[in-house]
Amino acid sequence: MAHTFEDLVNLERKAEEARARYLAADADQMATRQAWIEAAATFQAAVTEHAQAKGKPRYEVEMAAKKAVRHPEPGA
């Protein structure tokens, strides 16, 4: 199933949230690291699938989703 751009934004948001939990956790909590890795891998796979389905460069799709999460438009 092809992912929508909004799906990509949500997956990237989840990956960033998992990264933040990992960085805030004790060094011994490997589960938070694994959750971050899995969320990031899910995002990357979805980006590849979306880019192929839309015939767009993968890098551009990834950067657009990351920008939407990390630098949202004012009022969005």
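Is Glu62 buried or exposed? At 10% relative accessibility, Glu62 counts as buried. The points below start from the whole protein and come back to this residue.

1. **What kind of model this is.** The model is predicted. Keep that in mind while looking at the structure above.

2. **Overall build.** The protein has three helices and zero strands. Along the sequence the pattern reads α-α-α. The C-alpha trace spans about 40 × 30 × 20 Å along its principal axes.

3. **Inside and outside.** The protein has 76 residues, and 26% of them count as buried. About 5,300 Å² is exposed, with carbon and sulfur atoms supplying 55% of that area. Take the contacts between residues at least 6 apart in sequence: 57% of these join residues at least 24 apart.

4. **Charges.** There are 11 positive and 12 negative charges in the protein. Their mean positions lie 3 Å apart.

5. **Helix α1.** This helix covers residues 5-24. From its first C-alpha to its last, α1 reaches 29 Å, close to the 28 Å expected for its 20 residues at 1.5 Å a residue. Several of its residues are buried, including Leu8, Val9, Leu11 and Ala18. What do the buried residues of α1 pack against? They pack against α2 (30-54) and α3 (58-70).

6. **Ala15.** Look for Ala15 in helix α1. Ala15 is buried, with a relative accessible area of 4%. Set aside the neighbours within four places in sequence, and Ala15 is in contact with Trp36, Ala39 and Ala40. Ile37 is another residue to locate: 22 residues separate Ala15 and Ile37 along the chain, and their C-alpha atoms are 8.0 Å apart.

7. **Glu12.** Glu12 also has its place in helix α1. Why does Glu12 count as buried? Its relative accessibility is 2%, and buried means under 20%. Beyond residues up to four places away in sequence, Glu12 touches Phe43, Ala65, Lys66, Val69 and Arg70.

8. **Salt bridges in general.** Side chains of opposite charge can pair when their charged atoms come close. How many salt bridges are counted here? The count comes to five. Three of them are taken up in the next points.

9. **Glu16 with Arg19.** These two side chains meet in a salt bridge, at 3.2 Å from N to O. Both residues lie in helix α1, three residues apart, or about one turn of the helix. Glu16 is buried, at 19% relative accessible area. The cut-off for buried is under 20%, so Glu16 qualifies with its 19%. Arg19 counts as partly exposed, at 30% relative accessibility.

10. **Glu16 with Arg70.** Glu16 has another salt-bridge partner in Arg70, with the closest N and O atoms 3.0 Å apart. This pair links distant parts of the chain: Glu16 is in helix α1 and Arg70 in helix α3, 54 residues apart. Arg70 is partly exposed, with a relative accessible area of 42%.

11. **The network.** Which residues are linked in a network of salt bridges? They are Glu12, Glu16, Arg19 and Arg70. Put this beside the earlier points: Arg70 is also one of the residues that Glu12 touches.

12. **Arg58 with Glu62.** Arg58 forms a salt bridge with Glu62, and the closest N and O atoms are 2.7 Å apart. The two residues are separated by about one helical turn because they are four residues apart in helix α3. Arg58 counts as partly exposed, at 27% relative accessibility. Glu62 counts as buried, at 10%.

13. **Back to Glu62.** Glu62 lies in helix α3. What does Glu62 touch, not counting residues up to four places away in sequence? The residues are Phe43, Gln44 and Val47. Phe43 appears among the contacts of Glu12 too. Phe5 is 57 residues from Glu62 in sequence, yet the C-alpha to C-alpha separation is 9.8 Å.

14. **What to check on screen.** Start at Glu16 and trace its salt bridges to Arg19 and to Arg70. Then move to Glu62 and locate its salt bridge with Arg58.

Definitions and conventions. Residues are numbered from 1 along each chain as its sequence is written. This is a predicted model: local features need pLDDT of at least 70, side-chain atom pairs count only at pLDDT 80 or more; totals for chains, interfaces and linings use all residues. Side-chain values use heavy atoms; hydrogens and water are left out. Buried means under 20% relative accessible area, exposed over 50%, partly exposed in between (1.4 Å probe, protein chains only). Contact means heavy atoms within 4.5 Å. Accessible areas come from the Shrake-Rupley method with a 1.4 Å probe; for residues, only the protein chains shown count as cover. Lys and Arg count as positive and Asp and Glu as negative; His and the chain ends are not counted. The place of a charge is taken as NZ of Lys, CZ of Arg, CG of Asp or CD of Glu. The expected span of a helix is 1.5 Å times one less than its number of residues. A salt bridge is a side-chain nitrogen of Lys or Arg within 4 Å of a carboxyl oxygen of Asp or Glu.
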